[in-house]
Amino acid sequence: MNCKTTLLKLTPLVVACSLAITGCSSTKVQRVDANQEVALSDKWNGKDSQLVAEAMINDMLSFPWVNDHLQKEGTRPAIIIQSVRNKSHQHIAVDTFLNDLKRSILRSGQADFVANKDVRQEIRDERKDQELNASLATQNEMGQEQGADYALSGTINSFVDQQGGDRVTFYQVDLRLIDMTTNREVWNGQKKIQKLQERSRFGF
């Protein structure tokens, strides 16, 4: 039997196997609740961001500085988020985490939130435009902004421990709250997340 004859006999078999493999592999997409955790890996995800933000803000607002401020000033404290730096080993959407922090602060009803400098500048530009184009009855005056009483900042760190087919990824979020007048640190919080990813027979 020459090579050409052998090739002709094998071709249908190869095509059949290819079709079988193609038929077995398919892609399925479904909608899931945004609040439901879908963990496909040990990477930081949206659920981690939400849970960490809620836990840390709840802890922050349970410290004495809140009542101390209310007794001294008679108003709710105003907080500004300066920065949260990602120092972890992976890319993390820090803006998403910042928004989760903001939502937790506002939802609590115990503190006000002051927009960051970029957003403030956009609003100031809008007020300048109002001075030229809006009626006097609907203009918002310059110089009426609420200043922040406290500044929130922090970092996200991580490290990975791997042995054989198993991998443990550890995340640590550190936040601190600083009194804008005295530079006194009124709260320091820490939240840790540890994820174990075990290698299946198909690998990571």
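pLDDT is the predictor's confidence in each residue, on a scale from 0 to 100. This is a predicted model, and the protein averages a pLDDT of 84, with 79% of the residues scoring at least 70. Among its elements, helix α1 (residues 3–24) has the lowest mean pLDDT, 52, whereas helix α3 (residues 65–73) has the highest, 95. The points below concern a five-stranded open sheet and helix α4, which lies across four of its strands, β1, β2, β3 and β4.

**The sheet**

- The strand order is β2-β1-β3-β4-β5, and the pairing is mixed.
- Strands β2 and β5 (185–198) form the edges, each pairing on one side only.
- On average, neighbouring strands of the sheet are turned by 30° against each other, direction ignored.

**Strand pairings**

- Seven bridges join β1 and β3, which pair in the parallel sense.
- Residue Asn-86 stands opposite Ile-156 of β3.
- The pairing of β4 with β5 is antiparallel and extends over 13 bridges.
- Residue Phe-170 stands opposite Gln-194 of β5.
- Strands β4 and β5 form a hairpin with five residues between them, and Asn-183 in the turn has a positive phi of about 65°.

**Helix α4: geometry**

- Helix α4 covers residues 94–108, 15 residues in total.
- From its first C-alpha to its last, α4 reaches 21 Å, close to the 21 Å expected at 1.5 Å a residue.
- The helix runs at about 155° to β1.
- Just after α4, Gly-109 adopts a positive phi of about 75°.

**Helix α4: buried and exposed faces**

- The buried residues of α4 are Val-94, Phe-97, Leu-98, Asp-100, Leu-101, Ser-104 and Ile-105.
- Viewed down the axis of α4, these buried residues fall within an arc of 160°, so they line one face of the helix.
- An α-helix has 3.6 residues a turn, so residues three or four places apart point the same way.
- On the other side of α4, Asp-95, Arg-103, Leu-106 and Arg-107 are exposed.

**Packing of α4**

- The buried residues of α4 pack against one helix, α2 (46–60), and against the strands β1 (78–86), β2 (112–114), β3 (150–163) and β4 (166–179).

Key
Residues numbered from 1 in each chain as written. Predicted model: local features only at pLDDT ≥ 70, side-chain atom pairs only at ≥ 80, totals over all residues. Heavy atoms only, no water. Helix = DSSP H or I, 4+ residues; strand = E, 2+ residues; numbered from the N terminus. Expected span 1.5 Å × (residues − 1). Buried < 20%, exposed > 50% of the residue type's maximum accessible area, 1.4 Å probe, protein only. Arc of directions from axis to C-beta. Contact = heavy atoms within 4.5 Å. Pairing = 2+ DSSP bridges. Axes fitted to C-alpha atoms, helices over the stretch in contact; angles between N-to-C directions.
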